[in-house]
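Biologist: I should be grateful for a close look at a single part of this protein, followed outward into its surroundings. Please indicate also where the model calls for caution.

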Amino acid sequence: MAKAVRNLKNTCITLNSSFFVQLLSVSPFSTPKKSSRNRAPSLALLSLLSLFILISFLGICLATFYTISHSVIPCSTFSPSSPISPLLLASLSSILNDYPKHDEPPTLSRSAMVPLPAHGIAENPNISATEKGFWKQPDGQGYRPCLDFSLEYRKASVKISKERMKFLVVVVSGGLNQQRNQIVDAVVIARILEAALVVPVLQVNRIWGDESEFSDIFDLDHFKKTLQADIRIVSSLPSTHLVTKQSIENQIPFHVSPLWIRARFLDQLSEEGLLIMKGLDSRLSKNLSPDLQKLRCKVAFHALRFATPIQQVGNQIARRMWIEGPYIALHLRIEKDVWVRTGCSTGLGSEYDTIIAKERDSNPDFLTDKLNMTNAARRLAGLCPLSAREVAKFIKGLGAPSNARIYIAGGEPFGGKQALQPFINEFPNIATKETLARDGELTPFLNRPSILAAIDYIVSLSSDVFVPSHGGNMGRAMQGHRAYVGHRKYIKPNKRMMLPLLEDESVSEEDFKSSMQKLHKHSMGKPESRNNKFDRDVLAYPVPDCMCRP
């Protein structure tokens with residue numbers, strides 16, 4: 001509003017100063033030069049003209065003020081008594097703006113990637129209690145991000161952030177969210193070894209063939225600036241550290257501690273000045289010191305912001321969904337590579353299962369887990385993605401209305417429309433980034449699956465409800481990020497417990513709904529402490545390491 005007032009003043013004051021002179025010169029208070037015979041008619045005419053000009057002038061100012069004041073978020077958006085967090089303010093501003101300007105200094109409240117505001121529940125007597133319960137956001141219990149690093153950490157940062165002798169190079173692999181996890185751990189390992197980090201190298205993915213580099217997906221300048229107080233990040237190795245041959249460390253055990261990292265690599269790094277690591281997925285322990293856990297959150301939720309072209313397109317698509325009202329984001333994992341990697345049956349018939357079996361036999365290393373389990377055993381253990389039919393039945397049982405607007409994130413379904421049809425039969429109002437994008441918006445990102453996944457990430461983050469059909473890296477990333485920005489609703493299917501109910505046709509619709517709601521009563525995205533179970537990922541459970549209550 002202050003800015004609007006300043007603009008109003010400028011608009012009025014910058015009018016040509018001769019305007020006022022001319023106004024006075026024709027006003028009834030000036031001395032006319034006409035003869036006394038014409039004085040009475042002239043006075044009346046000039047008075048009317050002066051009044052018309054004055055009214056026009058005031059009208060211009062009022063119109064300008066109205067335009068300016070309505071170009072910002074209306075004050076009625078806020079309740080005068082309700083507390084407004086910096087993240088909510090950033091969320092509201094994201095309706096109109098994509099990013100802060102690059103010349104602004106990085107701050108944690110500004111750097112976080114935040115969603116558009118949740119819509120809330122409309123006062124409509126035609127909406128059932130079950131439907132209201134479905135759209136209702138969980139109680140965040142007052143948790144807010146708090147990355148208060150210790151004094152010891154900050155003192156050590158003075159030296160570590162200026163390191164010029166030891167350099168860490170990390171090669172990351174996999175899809176977008178797998179890459180994000182490895183980049184987070186690369187930063188933490190650089191901090192543990194007190195080394196400068198060279199911008200991570202993104203390995204070309206074997207399945208998708210994406211050749212994107214770090215700066216194609218992420219905002220490199222923002223990444224450096226946000227972490228400049230924690231470690232030094234350089235775009236390339238200095239010439240003094242270039243070598244013709246260097247061994248690559250790619251045999252790191254799972255869940256190693258900082259003590260193991262230092263004992264194994266610190267002497268080598270100090271002597272050679274260079275360490276190259278590859279294959280960091282799940283190598284670093286999930287249980288680190290409080291400062292290193294906070295650093296993980298700082299990297300994931302603040303530093304790893306998507307590149308501006310991606311963020312702009314993602315925000316535009318998200319707004320097209322958001323402006324129409326509340327929506328569900330469904331990460332439907334029924335792509336070909338998912339069936340190959342999970343070792344599960346597609347549910348589409350023997351023809352499609354044969355295609356997957358042949359692909360799996362020719363690439364046995366694609367199968368990711370539980371090699372000795374049959375398809376049926378995997379499914380009963382909850383290791384298989386839910387099919388389109390099962391997801392439709394699941395969210396319908398939780399109270400989603402048939403006219404709910406649903407954004408489907410993910411790649412092309414294996415089996416095409418046939419695979420998706422059981423879901424469309426129950427929920428016809430679906431959308432994807434392809435259907436929402438306008439002409440040419442996605443063209444620069446074709447054949448770049450990681451970038452397309454980033455757009456899905458942005459749209460999914462702003463949804464009122466997020467549902468993954470399978471766990472995976474995207475599901476865990478959404479779980480943690482939605483918790484970090486205010487515990488947005490995240491429904492985690494309990495596949496192991498719900499499968500018998502999904503397959504039992506004798507269960508009535510009402511009994512099924514009741515069972516689903518009871519089974520998932522505590523799986524709706526409310527605050528859940530990482531400390532409740534050992535080895536939980538802080539990026540999926542940011543409470544209490546990265547979030548606290550006043």
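**A strand and its surroundings**

Modeller: Val171 stands opposite Lys278, a residue of strand S7. This is a convenient point of entry, although the model in view is a predicted one. The pair belongs to a wider pairing: strand S2, residues 167-172, runs parallel to S7 and is joined to it by 5 bridges. S7 also pairs with strand S6, residues 248-249, again in the parallel sense, here over 2 bridges. Within that second pairing, Ile276 of S7 is the bridge partner of Ile248. From S6 the chain passes through helix H11, residues 258-272, before it enters S7, and the resulting β-α-β crossover is right-handed.

How far is S7 enclosed by the rest of the structure? S7 covers residues 274-278, and 4 of these 5 residues are buried, so the strand is largely enclosed by what surrounds it.

From the strand one may turn to the nonpolar interior. The largest nonpolar core holds 86 residues, and Phe223 and Phe306 have the most contacts inside it. Helix H8, residues 176-193, supplies the largest share of this core, namely 10 residues. A further core of 38 residues lies apart from it and includes Trp135, Ile356, Ile408 and Phe512.

Helix H8 merits a closer look of its own. Of its 18 residues, 16 are buried, so that the helix is mostly covered. Its length can be checked as well: at 1.5 Å a residue, the 18 residues should span 26 Å, and because the end C-alpha atoms are 26 Å apart, the model agrees with that expectation. Just after H8 comes Glu194, with a positive phi of about 55 degrees. Glu194 is not a glycine, and its place is in the loop that leads from H8 to strand S3, residues 196-198. The relative accessible area of Glu194 is 31%, which lies between the limits of 20% and 50% and therefore makes the residue partly exposed.

Other backbone details are found elsewhere in the chain. Asn447, likewise a residue other than glycine, has a positive phi of about 65 degrees. It sits in the loop between helix H19 (433-436) and helix H20 (449-461). With a relative accessible area of 69%, over the limit of 50%, Asn447 is therefore exposed. A cis peptide bond joins Val543 and Pro544, with omega at about 5 degrees. Pro544 is placed in the loop between helix H23 (509-519) and strand S13 (547-548).

One acidic side chain also deserves mention. Glu390 lies in helix H17, residues 388-397. Its relative accessible area is 3%, under the limit of 20%, so Glu390 is buried. Neighbours within four places in sequence aside, Glu390 is in contact with Arg379, Pro385, Leu499 and Leu502.

As to caution, the mean pLDDT of the protein is 82, and 78% of the residues reach 70 or more. Over residues 60-84, however, pLDDT stays under 50, and the model gives this stretch 18 contacts beyond four places in sequence. Residues 92-96 are also below 50, with 14 contacts in the model beyond near neighbours in sequence.

Conventions. Residues numbered from 1 in each chain as written. Predicted model: local features only at pLDDT ≥ 70, side-chain atom pairs only at ≥ 80, totals over all residues. Heavy atoms only, no water. pLDDT = per-residue confidence, 0-100. Contact = heavy atoms within 4.5 Å. Core = buried A, V, L, I, M, F, W, Y, C linked by side-chain atoms within 4.5 Å. Buried < 20%, exposed > 50% of the residue type's maximum accessible area, 1.4 Å probe, protein only. Helix = DSSP H or I, 4+ residues; strand = E, 2+ residues; numbered from the N terminus. Pairing = 2+ DSSP bridges. Right-handed = clockwise from strand over helix to strand, strands pointing away. Expected span 1.5 Å × (residues − 1).
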